[in-house]
Structures are given as structure tokens and as C-alpha cells.
Amino acid sequence: MKVTMTVNGAERSADVEPRVLLVDFLRSNLLLTGTHIGCDTTSCGACTVQLDGEPVKSCTVLAVQAEGREVKTVEGLANGAALAPIQVGFHEEHGLQCGFCTPGMMMVTSALLERNPNPTDDEIRWAISGNICRCTGYMNIVKAVKHAAQMQAGAAKAPEHAAVGGGGE
Amino acid sequence: MSSTMHMHGGIGESIKRKEDGRFLRGKGNYLDDFVLPNMIHMAILRSPYAHARIKSIDTKEASAKPGVIAVVTGDLMAQHKLAWMPTLSGDTQAVLATDKVRFQGQEVAAVIAETKYQAEDALASIEVDYEVLPAVTSPDKAKAEGAALIRDDKDGQKDNHIYHWESGNQATTQAAFAKAHKVVRLHTFYPRCHPAPLETCGCIADVNGATGKATIYMTSQAPHAIRTVFALVTGLPEQNIRIISPDLGGGFGNKVPVYPGYVVATAASLLLGRPVKWIEDRNENLISTGFARDFHMTGDLAVDENGKMLALRVHLDSDNGAFFADAQPSKFKAGLFHIVTGSYDIPTAHVTADGYYTNKAPGGVAYRCSFRVTEASYLIERLVTNAALELGIDQAEFRKQNFIQPEQFPYTSATGWVYDSGDYPKAMDVALSQLGYAELKKDVEVRRKKGEVTGIGIASFTEVVGAGHGAEFDILGLRMFDSAELRVHPTGKAILRMGTKSQGQGHETTFAQIVAEELGIPAQDVAVEEGDTDTAPYGLGTYASRSTPVAGAATAMVSRQLREKARKLAAHLLEAAEEDLVWERGKFYVKGSPERSKTIQEAAFAAYTNLPEGMQAGLEGVYYYDPPNMTYPFGTYAVVVDVDKGTGQVKVKRMVAVDDCGVRINPMIVEGQIHGGLAEGYGIAFMQLITFDDEGNCIGSNFMDYLIPGSWETPKFELGETSTPSPHHPLGAKGVGESPTVGSPAAYVNAVIDALSPYGITNIDMPVTSDKVWAALRSKGVTE
């Protein structure tokens with residue numbers, strides 16, 4: 001059946017089976033592979049995207065349930081070349097190692113900052129408690145979110161995108 | 001502009017990571033992100049039984065399902081002599097079962113279909129007729145009279161015993177025990193757990209029928225070794241095999257072995273002429289791929305009347321699963337477990353180990369660990385705390401009394417290890433002072449008098465990492481060296497290629513920093529590439545904390561080689577004698593005339609444009625580094641816990657971790673590694689358990705049963721540091737990624753046991769869950 005939704009600001013539609021998961025639709029139909037699959041049981045949060053601004057685990061949402069709604073993925077965070085504050089925070093505070101959980105973490109925490117621009121450590125830990133990270137021990141993820149909060153409040157100055165740019169290239 | 005941009009990025013600078021950009025944008029290249037033209041999908045049918053004879057497999061119905069291209073069984077694999085494959089421990093492992101299934105989750109058949117959904121759908125239509133056999137689920141059951149024979153496929157295998165292995169000196173140890181004032185015994189089971197990287201394992205096999213080239217994208221921590229194993233298993237010529245290990249979503253040892261899925265996907269691609277993708281789901285990852293630990297250990301520590309350790313005796317039974325597939329150096333059947341004397345000057349020791357087949361998944365991997373050093377460290381550190389409690393000596397004091405002293409290095413242990421360097425009392429002192437130990441101990445006394453259950457745990461671990469050297473350490477005969485190839489381009493920018501493979505450790509940054517330090521090219525100008533066997537120099541891969549000790553050393557050495565060539569080029573440009581040039585990071589200048597200088601970039605340009613007579617062009621080199629010895633990182637961890645008598649719940653109030661990994665190349669990355677390892681150690685101590693019922697059903701086969709610490713459970717960590725450089729590593733670095741997972745479980749559990757010791761409780765096996773603590777307290781009559 002045909003499904004149409006807005007993904008990162010652009011209308012996207014495709015013909016899919018009713019059983020197709022939103023995460024598979026994003027990854028296979030739209031080739032937006034920044035959203036990852038880690039567990040299949042809604043336990044790890046690697047597949048977290050925002051649906052109408054709310055973080056959801058896209059392995060437990062059917063693509064057809066997103067019909068007519070707004071989906072935002074990690075690919076929609078940056079504004080062109082300029083990274084969003086949450087991305088800068090993760091870079092500056094070393095909030096990522098293997099990077100596999102990072103998109104989900106950023107989708108949860110950017111939604112958190114929307115409704116709570118100045119969260120405490122505990123509020124951040126609670127917000128990401130449905131997202132597993134195997135590498136960082138969460139300490140620097142908490143710092144990364146606080147860094148982003150400060151940036152958004154204008155207290156911290158964002159580095160130019162080039163600093164987080166092409167890696168070794 | 002980020003502060004990073006202005007930094008040179010040499011050793012000791014916490015520059016931000018070069019690899020972050022793509023991950024932050026959702027543009028990482030993980031295996032499942034790859035889509036090849038004409039690609040098809042594979043799903044694997046797994047055994048529901050732990051032990052059963054296969055009477056028949058009917059694939060007719062499955063073959064007719066929509067989208068199905070082929071159904072592969074063990075019989076088909078056998079026709080190509082691929083039904084079995086060698087393991088990393090010299091045993092054999094079934095690729096697809098032909099005779100019996102030997103663990104729940106074993107690979108039985110595979111469906112290849114146009115889409116992932118179609119492949120999964122068709123699995124349910126494969127009919128397998130099983131005759132269920134009794135399951136053997138522990139070493140005790142494996143050695144019991146009349147136990148079912150698991151490996152009846154092996155000629156001459158009459159029982160479930162795999163190996164007997166010993167280290168140390170039995171006679172001197174027995175003599176020491178005979179004279180001991182006291183012997184303290186600890187029997188403990190280090191249970192089976194699983195590394196569970198967030199990205200599961202998988203591959204895309206792309207065999208080109210026209211050229212014969214097999215390109216296999218694979219989640220591998222050791223792509224070169226895998227290529228060689230593949231060549232030996234499949235008979236394909238090695239130059240026609242290209243393993244590409246892309247960005248890895250964590251590994252922790254889980255991505256070292258060769259898994260049956262890789263072999264089946266490659267065979268399917270060869271037969272069908274199309275790229276075949278296979279990605280495990282989480283359940284498959286947890287029930288079938290490389291697990292960790294599963295050691296039943298008994299340790300006896302002999303002490304004299306002054307609390308001096310006299311001797312250590314250890315026996316362990318190892319539960320290896322259905323195939324002996326441990327990933328470890330071939331000479332050592334129980335890995336490097338014989339480092340079990342740890343940080344202590346124990347004159348004599350004797351270690352015996354027996355391995356057993358059971359009807360459980362194979363593949364004991366070093367889960368964030370250097371080949372069983374984690375089990376060893378846990379045993380000695382738990383035993384030492386128990387001994388201190390039993391002797392009534394303070395556990396920190398007891399450790400200090402028995403530490404190998406700084407002046408004893410290099411120190412030869414009772415089991416033959418030559419410890420390169422260390423200062424254990426110093427790390428202990430830093431930890432105790434950071435913790436405020438003296439005050440805390442008083443606080444514990446006061447609170448205990450009020451009936452509260454609270455305790456302090458200490459662990460002073462010593463690790464042994466960075467294998468080789470090659471003469472002593474090999475995997476399937478491949479010596480454990482590692483490599484770095486450095487090419488400096490005419491404009492002074494460089495590419496560094498290595499035989500290792502990062503899984504999140506930040507190699508692209510750390511190794512660029514070594515070049516920055518040694519050759520003076522800013523880290524930002526050095527691209528680091530790993531994981532493609534067609535382009536990277538041969539290496540043994542990343543595990544056992546060996547990347548910085550071995551490949552990091554190779555990087556330093558190749559940089560120094562190029563610096564010597566650059567010196568000749570600079571001398572030519574300056575029209576000075578080589579020996580008159582002084583090196584200062586980034587440039588050469590003429591002794592006494594610092595204004596007469598040439599930068600490394602100018603020298604690099606000259607290597608392609610303006611050479612002295614007779615010199616070969618280019619500024620490139622490759623170095624294969626065979627370390628003269630292992631490195632021995634160490635540290636002291638201290639944990640404070642409160643225990644709720646009513647519920648048995650343990651709350652970690654503080655965790656102080658003092659690590660000494662020698663010279664730290666990027667302190668930010670080192671601390672990030674320590675955080676992560678302490679969190680995994682917490683998970684192992686309190687949450688993560690793979691277990692089995694009597695029929696061999698795996699409990700812990702998904703993230704709802706196999707509990708991974710989240711942000712809410714994970715404690716906050718307080719880090720400290722001492723630095724005792726390795727005397728034999730060119731940079732003095734020792735490796736760090738595994739220390740916190742090796743050292744912390746004992747610290748966490750020691751804190752719980754210290755808290756429970758007033759009630760006569762001396763051990764609770766991991767994971768220390770609330771129900772176990774509750775039951776232990778109740779068994780001693782403690783109620784709310």
C-alpha cells in the first residue's frame with residue numbers, strides 16, 4: 001500500500017507492505033541509513049527517530065502508522081553544513097565512540113532540549129534511559145547534552161562546522 | 001573555530017576526534033548500510049534444541065515461497081567440503097549441521113531470497129525432523145558418568161573433555177601450602193556473559209564470477225587473519241579474497257571469530273553469482289556468537305602468620321560450549337589466565353585447567369579482555385579481599401604488604417610472566433586519597449552500628465596486554481605482530497594504513513597523533529585507514545588491548561624511519577651535513593642557526609621534486625612491529641556500596657578508578673575508554689547473564705532478558721591517574737581499553753561482600769542481583 005509522510009522536511013512516499021517497519025522504510029526505501037537497528041525488541045533505542053517531534057523507536061512503529069505525519073531522523077539535524085548544537089555537544093564532549101547509538105541518542109536528547117532547555121544530569125539520564133550505549137558509560141553523553149543546552153542558551157560558542165568536518169580527508 | 005584546529009595534535013593532547021563528523025551526521029558506513037547492485041538477502045534457520053540428531057530436512061515448501069532463490073543445507077555445504085570449518089583453537093565447528101545440532105541456536109539451514117522479509121518468511125517452511133538428545137549444560141554434567149557424548153563426530157573422542165592445562169610449579173606450591181599459617185579458599189563461578197556490541201555481526205559476500213574475486217564486507221576486528229582463514233577454508237587463492245571491515249558498531253571481542261554465516265553467505269554468492277547480505281538479529285547474536293567467561297574457579301591462597309602471601313593454587317573448569325572455538329594464542333589453552341598471581345609477590349603458584357564440551361554456544365572470546373585475564377584478575381582480587389576479611393587485616397593494607405614493589409621490576413612471576421614495569425603502591429595511594437579512605441572507613445563503622453549495610457571494595461589489578469611477541473604468541477600460527485604503512489604526499493599531508501581495526505576506540509585520531517608527534521605533521525593532516533585487506537598492511541587486528549602497544553609502536557617506528565629520510569632531504573635542501581641538523585617537532589634546523597631550517601612538509605615536497613643524487617623518490621614506508629614483551633597496565637579501583645536489607649538492592653555510591661596505562665596519547669580518548677569499561681564491568685558484576693535451563697534453552701537471548709546497563713543504573717565514575725611508562729614500548733604506552741572491564745567487576749563485588757561480611761557472607765557469584773543478596777541476607781537470619 002502507498003504511504004506518504006514528511007521526512008526531514010520533504011514529502012516522501014512509497015509502496016510498501018502493511019507490515020513494513022518504519023526503520024526498514026527509512027533505511028531500505030529512503031536509504032536514510034543513519035537510523036540503526038540494534039535489538040528488534042524496543043530495548044536499545046538505536047532506531048530512535050522523532051515522530052511529530054516526539055522520540056519513538058522506529059523498530060516498533062509501522063511505516064503506515066507514520067502516514068501523513070512528520071518524521072525527523074539524524075540526517076535532518078544539521079542545517080546543511082552547519083551542525084546542530086546537539087551534534088556539536090557530542091563532538092566537543094567526546095559523547096560518542098563507535099557511533100552506533102549516537103543518532104538515537106541525539107534524537108532523544110534534541111527532543112528533550114526542545115521541551116526542557118536546561119536539564120539537570122538526572123533529567124538527562126532519565127531521558128536517555130531507554131537508549132543503550134556500550135562504549136561511553138554515559139558520562140560524556142550527559143556532558144554533551146549540557147554542552148548543547150549551553151550553546152542553545154548562547155553561553156557556549158559553536159565551532160565552525162569545518163572543525164568536525166571531513167575527518168582525515 | 002574549534003580549539004582543536006589550532007592544535008598540533010601530538011602525544012598528550014586531548015584533540016577532538018577526527019572520525020566524529022560522519023557519525024554525527026548519520027553517515028557512518030556500518031555493514032548493514034551497504035547496498036550493492038543486484039544484492040540478495042540471507043536468513044539462517046537455527047536449532048530450537050540444545051542437542052538433537054537431525055533425521056531429515058525438507059526444504060521443498062520453503063524453496064517455493066515468494067522471492068526465495070535458494071535454500072542451503074549442510075548436505076549442500078558438504079558437497080563443497082564446507083560443512084565444517086576450523087576454529088581459532090584448532091578444533092572444528094559445524095558451518096551448517098549435517099549430523100546433530102549441539103547447541104540451541106546452531107545454524108541448520110539458510111534461505112536466500114530477494115528481500116530480507118522474504119528470506120525470514122521462508123525459514124518457517126523448512127521442516128526439520130529432530131530426535132532430541134539429553135542436553136549437557138555444565139562442566140559437572142559433562143564429566144558425569146554416562147553423560148551424553150557431544151562430539152561423536154570426532155575420531156577418538158570418548159568423553160566431553162577438551163584439554164588439561166597447567167602452569168607454575170606443583171611441588172614448590174604444595175610444599176608452601178604444607179607450611180602455611182592459614183589457607184583461604186574461594187570457589188567462584190564467573191558466569192557466561194556476552195559482549196553484545198550494539199551493532200550485531202554480519203557480512204555481504206560478493207563473489208565476482210568473471211574475475212573470481214571474492215569481496216567480503218564483514219564485521220571483523222581482524223580482517224587480515226580472517227582473509228587467511230578464508231583462503232584455507234574455501235580453497236580460494238588469497239589474492240582473490242578481499243575483506244573489507246567497515247565502521248564497526250562496537251566489537252569487544254565479539255567480532256574476532258569466523259562465524260558460519262560468513263562462510264554460507266560466501267558459498268551462496270559463489271554459487272548464485274550475486275552479492276549476498278546476511279545480518280544477524282539481536283537474538284541470533286546473543287545465542288550463537290562468541291560468548292565470554294564461563295569459568296568455574298577454585299583458588300587457595302596460603303599466608304604466613306604475618307599476612308605474607310606464600311603460595312597460590314588454582315583449579316578451574318572451563319565451559320567451552322559445543323566446539324572449542326576460543327579466540328586466543330594457540331599455545332595457551334586457558335588464554336593468559338596464568339597471570340592469576342596479579343599484583344602480588346607470591347613466591348610460588350600452580351594453576352590447573354580443564355576444558356569441557358557442553359551443549360552451549362561455542363566461541364569463548366576475550367570480551368574486552370586480554371584472553372582470560374579478566375577471570376584471573378577477578379579470582380585473585382576476590383580471593384585477596386576474602387583473605388583480608390578472614391584474617392582481620394584491612395584490605396588495602398593487606399594488598400600493600402604483598403604488592404610487587406617498584407624496585408622489583410622487571411619482575412618474573414611464579415607462572416613465568418615478566419612484568420615490564422609498575423608502581424602498585426602509588427596507584428593504591430592515589431585511589432585511597434581520592435576516595436578519602438580513612439574517613440570512609442570510620443563512616444562505615446558508624447553506619448554499621450546503626451544497622452546499615454554498607455561496604456568498600458578494592459581491586460588492584462594487573463593486566464597483560466599487547467600480544468606478541470610473535471615467537472610466543474600466535475593465532476593459528478600467525479605471529480602476533482602488527483603493522484603501519486605511512487605515505488607522505490608531496491604537499492606534506494599523509495595517509496597511515498594499519499593492520500588493526502577500530503571499533504570505536506578512536507584510531508583515526510590516536511594514531512594520527514603518533515605521526516604528529518614523531519614526524520611533525522599535524523594530526524589533522526594525517527588520514528588513518530584500516531580494515532581493507534587490499535590496501536592495509538597485514539596485521540593481526542584489534543583485540544586484547546593490542547592496538548596501541550603493537551600497531552601504535554609500528555606507527556612510531558615507521559614515522560621515525562621517514563624522519564631519517566626527511567633528514568637527508570633537509571640536509572640536501574639546506575646544503576648542510578646531516579649530522580649538523582637538529583630535529584624539533586616539525587622541522588630540521590642547522591645546529592647554532594635556528595633560522596636555517598626546513599619543515600617536514602618542505603622535505604616531503606623535495607622527496608618528489610628535488611632529490612639528492614642517488615636517492616629513491618618518495619617518502620613512504622611500512623613497519624612490522626614485533627613487541628619484545630607484553631605490556632602490563634595496572635591500577636586500583638575502589639567502590640562504595642549501600643545495600644538495602646529489605647530488598648537486597650545494591651546501590652553503588654562511588655566508584656574511584658585510578659589507571660596506569662603508561663603514556664597517554666589522547667587523554668580524552670583514554671578517559672572515554674575507561675568510562676565505557678567501568679560501565680561494562682558494572683553490567684557484568686550486577687546485570688549481564690547468559691544462562692541455560694536443564695534442557696539447554698538459552699536464557700538471556702534478547703535485551704529484555706540479557707540486561708545491559710543503561711544511563712539510569714550506571715554509576716558515575718571518578719577517575720585518577722598515575723603514569724609508569726612501559727620501558728620497551730617506543731612511546732611508553734601500554735594500552736587501556738580493557739583495564740576497566742578487567743579490574744572493576746572484582747571491585748564492585750568486593751564492596752558488596754565487604755558490606756555483607758559482618759553477617760558471615762563470604763561470596764555471591766556474579767551477577768550480584770537483588771534476589772541473590774536478599775537470599776544471602778535471609779540465609780543468615782537478617783531481616784529488615
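These legends go with four close-up views of a predicted model.

**View 1. A three-stranded open sheet in chain B, ordered E6-E2-E8.**
The strands here pair in the antiparallel sense. Strand E6 (100-101) and strand E8 (127-132) of chain B sit at the edges with a single partner strand each, so one side of each has no neighbour in the sheet. Look next at strand E2 (residues 52-58) of chain B: six bridges tie E2(B) to E8(B), again antiparallel. If you want a spot to get your bearings, try Asp58(B), which stands opposite Glu127(B) in E8(B).

**View 2. Strand E17 of chain B and two of the strands it pairs with, E9(B) and E16(B).**
Strand E17 (residues 348-356) of chain B has seven of its nine residues buried, so the rest of the structure largely encloses it. Strand E9 (residues 161-168) of chain B pairs with E17(B) in the antiparallel sense, over seven bridges. Strand E16 (residues 309-319) of chain B runs parallel to E17(B), and nine bridges join the two. Tyr356(B) is a handy landmark in this view: His161(B) stands opposite Tyr356(B), and Tyr356(B) is also the bridge partner of Asp319(B). As a reminder, strands of a sheet pair through backbone hydrogen bonds, either parallel or antiparallel.

**View 3. Where chain B meets chain A, with 53 residues from chain B and 49 residues from chain A in the contact.**
On the chain B side, the elements giving two or more residues are helix H1 (20-24), helix H14 (507-519), strand E25 (526-530) and helix H17 (667-686). H17(B) gives the largest share of that side, namely six residues. What about the chemistry? The chain B residues that touch chain A split into 21 nonpolar, 17 polar and 15 charged.

**View 4. The two domains of chain A, domain 1 (2-73) and domain 2 (85-156).**
Taken over C-alpha atoms, the centres of domain 1 and domain 2 of chain A are 22 Å apart. Their contact draws 14 residues from domain 1 of chain A and 11 residues from domain 2 of chain A. Over on the domain 1 side, strand E3 (48-51) and strand E4 (54-57) of chain A each supply at least two of the residues that touch domain 2. E3(A) provides the largest share of that side, three residues. By type, the residues on the domain 1 side come out as five nonpolar, eight polar and one charged.

Definitions and conventions. Residues numbered from 1 in each chain as written. Chains lettered and ligands numbered in written order. Predicted model: local features only at pLDDT ≥ 70, side-chain atom pairs only at ≥ 80, totals over all residues. Pairing = 2+ DSSP bridges. Helix = DSSP H or I, 4+ residues; strand = E, 2+ residues; numbered from the N terminus. Contact = placed C-beta atoms within 7 Å. Nonpolar A, V, L, I, M, F, W, Y, C, P; charged D, E, K, R; others polar. Domains from an automatic or database assignment. Buried ≥ 20, exposed ≤ 12 C-beta atoms within 10 Å, placed from the backbone.
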